[in-house]
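User: I would like a close look at one part of this model, the open sheet. Please keep to what can be read from the coordinates and the record.

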Amino acid sequence: MKKILVIGSLNLDMTVQVDHTPAVGETILSNKMDMNAGGKGANQACALGKLGADVTMLGAVGKDMYADIQLNSLKAAGVHTDKIVIKENTSTGIALIAVNAEGDNSIIVVSGANSDLSKQDIDNNLEAIRDCDIVILQLEVPLETVCYAAKIAKEMGKMVILDPAPVPKEFPEELYQYLDIIKPNETELGMLTGIKEPESHLKEAVECLREKGVHNIIVTLGEKGVYVDCKTMKAEWIPAIKVHAVDTTAAGDSFTAALAIMLAEGKSLREAVIFANYVSSIVVTRKGAQTSIPTLEEVRCYIKLKETAL
């Protein structure tokens, strides 16, 4: 089996259920808060582990109880955690998540140790990049670290996948040239290209990213499906799996993970996107981040059930 390395963030998610997302200046009440392991990088690694991948996580945590929750969750999913760096003088990252009645979320991230993941940490773990086949990155750790890791991975001949979230005010143009696949959602696509209402101008927005050096672009559009444009196939809009969403936390991360594991198994990009659609459609029907991610056996049963229904 090909090996996958996830370089990115680890957070403790503090999730509250709310009737609606509060407006500016509004105070609302919630009767419940859950604490679970999260962070885009850790979510992707956890999903890969549950889907049966040989996956290693490279990131940073503080020396606190939140780190223990995170590490235990990843180990339970089968993720190799020996490359996770413990930072002595800062806390593990925290994400404050509000989930409304429609299942949509709003997230505030306190970066903590994630902001201390450095180029030196990458240098100290070059063997992890050398030993893998696919590297997955996001943007919840310092941009210079992401660019540095992507450049090294590209020079080593690895497949590099970027989930460009959260999109910074100034996206490093250099990063595009190191990417094999970029996977923005509709909002992120607009922020990356400066095109308003990108869903109505998908071809234009995707071409903008292609001109920056990325040949394979996957745009996730929630319940409207996925738009795939790559150099080996004609651009295609793949419909979403219709479900009743209760919480979209970790749906995008699970999609990225599912995409990567299918590519690691030699599947086409189209096949990988279809499988990722199924995985993320399960995630949105469950509450939480890593707790909502299905196992490979659950996904197989789900796909069989859906195909039988058709």
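Which residue in β3 does Asn11 stand opposite?

Analyst: The model is a predicted one. In it, Asn11 stands opposite Gly38 of β3. The two strands concerned are β2, which spans residues 11-17, and β3; they run antiparallel to each other and are joined over 6 bridges.

This pair belongs to an open sheet of 4 strands, ordered β3-β2-β7-β8, with mixed pairing. At its edges lie β3, residues 33-38, and β8, residues 105-110, each of which pairs on one side only. From one strand to the next, the twist averages 20 degrees. In the strand order, β2 sits between β3 and β7, and Gly38, the partner of Asn11, falls within the edge strand β3.

At the other edge, strand β8 contains Val110. Val110 has a relative accessibility of 45% and so counts as partly exposed, since that class lies between the limits of 20% for buried and 50% for exposed. Together with Leu96 and Ile108, Val110 makes a nonpolar surface patch of about 260 Å².

As for the wider setting, the UniProt record, an unreviewed entry, carries the annotation "domain: Carbohydrate kinase PfkB" over residues 1-295. Over residues 1-295 the chain is 33% helix and 23% strand. The end C-alpha atoms of that stretch are 17 Å apart.

Methods
Residues are numbered from 1 along each chain as its sequence is written. This is a predicted model: local features need pLDDT of at least 70, side-chain atom pairs count only at pLDDT 80 or more; totals for chains, interfaces and linings use all residues. Side-chain values use heavy atoms; hydrogens and water are left out. Two strands pair if DSSP finds at least two bridges between them. Axes are lines fitted to C-alpha atoms, for helices over the stretch in contact, and angles run from 0 to 180 degrees between N-to-C directions. Patches are made of residues with over 30% relative accessible area and no salt bridge: like charges are joined within 9 Å, nonpolar side chains (Val, Leu, Ile, Met, Phe, Trp, Tyr) within 5 Å. Accessible areas come from the Shrake-Rupley method with a 1.4 Å probe; for residues, only the protein chains shown count as cover. A salt bridge is a side-chain nitrogen of Lys or Arg within 4 Å of a carboxyl oxygen of Asp or Glu. Buried means under 20% relative accessible area, exposed over 50%, partly exposed in between (1.4 Å probe, protein chains only). UniProt positions are given in the numbering used here, feature names are shortened, and annotations may be inferred rather than shown by experiment.
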